[in-house]
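Please read the following account alongside the sequence and the coordinates shown here. It is meant to be followed with the structure open for inspection.

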Amino acid sequence: MNLPVATPPQGLAALEARLRQDLSWLEIPAKNWVTPRYVDGRQVLDVAIVGGGMAGLAAAASLKHLGVDAPIFDQAPEGYEGPWATTARMETLRSPKQLTGPALGLPALTFRAWFEAQFGSEAWDALDKIPRLQWMDYLRWYRRVLELDVRNEHRIRAVLPRADKLVQLDIESPAGRSTVLARRVVLATGRDGLGGAYVPDFAKKLPRDRWAHSSDVMDYATLAGKRVGVVGAGASAMDSAATALEAGAASVDLLIRRNDIPRVNKGKGAGNPGLTHGHLALPDEWKWKIRHYINAAQVPPPRGSTLRVSRHPNARFNLGAGVQDLALVEDEIRVTTPKGVFALDFLIFSTGFRIDWTARPEFAALAPHVRAWGDRYVPPAGEEDQELHDSPDLGTVFELQEKTPGACPGLDRVHCFSYPAALTQGTISGDIPAISEGAKRLAQGIAGLFYREDVAAHYANMEAFSEPEVFGDEWVPAPAPQAETAQ
């Protein structure tokens, strides 16, 4: 048996040269072919992407490869798009290292290629999971090497569909306020991008400085010496608990509603190319059944994240201790659970996110009109699911649809390329495993829509095309045949 030969690091310059060659061989990117539009002398953008994290980068790259311009607008400073270097607190990614992520089918664009170019194949073999901050470095490289147009520190103040088949974005940036028009807008706004963090109503019983959501920007050093409670048992709960313990918390009590922590990731068991490419065409009842089953089973926290907590002697896993009530008594948080009352100094809610268009001021014009699954689908008894009920009911190209036809012209020119698209499209827009397939489906769909809308102009271009391939000097016309004389 031939064993793989260890390869030394070749350096990023060599990898980037290979990637340029690959793109050249594949004739990527295509030349821009979309019919330009102008309003008041200003060119309209083909596509504007809101959000420059992994999904936004993959979408922009895939559109660029098809010859469609798609600048990204992101509110973060350059290099800090997405959660990886800001609010994420895990030591490593949860996904297996070999997943190709946003590489779009290009081997030289994978994380593995980027890693081995710098550290060699032996280091890759020794790597367990991808370090979180190293993944952010890879995404920074991805943006640079593909020369993507990312406009940082651009906050979207409003997304406004128009009756003239355009979408207006009101933007605030260091240069001031401005507007841009685009034929299509892609919302690549992440897990919380169509709402925000979910916090139970009883959190309102506490002053805001005594609790946080696990997705909040926060200095965990402020928890040193404090008794901390963490509500939840998922990955973010473990990450928050471990970060608090490492910052010197006096103790951390995980308040876990269930009597056991989930052990099996059912979503991982469902993942295969058939589901990736077949989910969109499934009947509604099967889409709902699959997504609800995964939600109800819940995703277990990674083993490494859980061990990161349990290695601290002052960490306590309180099973069957769902929060029933809480109060602030003499500057002490009293949390009532079936297991008893916990006395704490600070509480962290690791309770996930919710879809709520009204929670995002920039979506005020969209909120009353977006059709959700709950507006048209009633699940079987026992399969009720608030997340699925609130999920946007999307078209085949991730486009939003109107709750009342005709009430919001242009709404279908806004495309949801973030996690809430999962019920309609499958998990191809928010997670690492199938993000390339999602980005390509989105880009191909938008390219097809542009061509259909402008087919008359493209037909006229075809008629006007006059580049000859044959010039008339390639042959000599034969003379007419002579009549034969009868013998």
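The paragraphs below treat the sheets, the helix packing, the enclosed and open spaces, and two details of the backbone. The model is a predicted one.

The sheets are a convenient place to begin. Strands of a sheet pair through backbone hydrogen bonds, and the pairing may be parallel or antiparallel. One open sheet in this model consists of 5 strands, arranged in the order E10-E17-E11-E12-E13 with parallel pairing. Its edges are taken by strand E10 (211–213) and strand E13 (315–319); each has a single partner strand, so one side of each is left without a neighbour in the sheet. With direction ignored, neighbouring strands of this sheet are turned by 20° against each other on average. At the E10 edge, the partner is strand E17 (residues 346–349), which runs parallel to E10 and is joined to it by 3 bridges. Within this pairing, Ala212 stands opposite Ile348 of E17.

A further open sheet contains 3 strands in the order E14-E15-E16, and here the pairing is antiparallel. Strand E14 (325–329) and strand E16 (340–344) are its edge strands, each of which pairs on one side only. From one strand to the next, the twist averages 20°. The antiparallel pairing of E14 with strand E15 (residues 332–337) extends over 5 bridges. For Ala327, the bridge partner in E15 is Arg334.

The helices come next. Two packed helices are described by the angle between their axes and by the distance between those axes. Helix H2 (residues 54–65) and helix H13 (residues 435–453) pack at an angle of about 45°, and their axes are 8 Å apart. Because of this angle, H2 is oblique to H13. The crossing in which H2 passes H13 is right-handed.

H2 also packs with H5, at an angle of about 25° and with the axes 11 Å apart. Angles under 35 degrees count as roughly parallel, and H2 is therefore roughly parallel to H5. In this case the crossing is left-handed.

What spaces does a search of the whole structure find? It finds 2 cavities of 30 Å³ or more. The largest cavity holds about 50 Å³ of space. Its lining is made up of Gly52, Gly53, Leu57, Glu81, Met136, Leu139, Arg140 and Arg143. Which helix gives the most to this lining? Helix H5 (residues 132–145) does, with 4 residues. By class, the lining of the largest cavity divides into 3 nonpolar, 2 polar and 3 charged residues.

The second largest cavity holds about 30 Å³ of space. Leu93, Ser95, Pro96, Leu99, Ile130, Trp135 and Ile432 form its lining. In this lining, 6 residues are nonpolar and 1 is polar, and there are no charged residues.

The second largest pocket has a volume of about 250 Å³. Its lining comprises 17 residues, of which Val68, Asp69, Ala70, Pro71 and Asp149 lie nearest its centre. Strand E3 (45–50) and H2 are the elements that give two or more residues to this lining. The lining divides into 9 nonpolar, 2 polar and 6 charged residues. H2 thus recurs in this description: it contributes to the lining of the second largest pocket, and it packs with H13 and with H5.

Two details of the backbone remain. Most residues other than glycine have a negative phi, and most peptide bonds are trans. Where is a cis peptide bond found? One joins Ile28 and Pro29, with omega at about 0°. Pro29 belongs to the loop between helix H1 (12–25) and strand E1 (38–39). The other detail concerns Glu153, which has a positive phi of about 55° although it is not a glycine. Glu153 is located in the loop between strand E5 (150–151) and strand E6 (155–161).

How values were computed: Residues are numbered from 1 along each chain as its sequence is written. This is a predicted model: local features need pLDDT of at least 70, side-chain atom pairs count only at pLDDT 80 or more; totals for chains, interfaces and linings use all residues. Side-chain values use heavy atoms; hydrogens and water are left out. Two strands pair if DSSP finds at least two bridges between them. Axes are lines fitted to C-alpha atoms, for helices over the stretch in contact, and angles run from 0 to 180 degrees between N-to-C directions. On a 1 Å grid over the protein atoms alone, a cavity is a set of points where a 1.4 Å probe fits but cannot get out, and a pocket is an open set with protein on both sides within 12 Å along at least five of seven lines; lining residues have an atom within 4 Å of a point. Grid points are joined across faces, edges and corners, and a volume is the space filled by probe spheres set on the points. Ala, Val, Leu, Ile, Met, Phe, Trp, Tyr, Cys and Pro count as nonpolar, Asp, Glu, Lys and Arg as charged, and the others, Gly among them, as polar. Angles under 35 degrees count as roughly parallel, over 145 as roughly antiparallel, 65 to 115 as roughly perpendicular and the rest as oblique. A crossing is left-handed if the near helix is turned anticlockwise from the far one by less than a right angle, and right-handed if clockwise.
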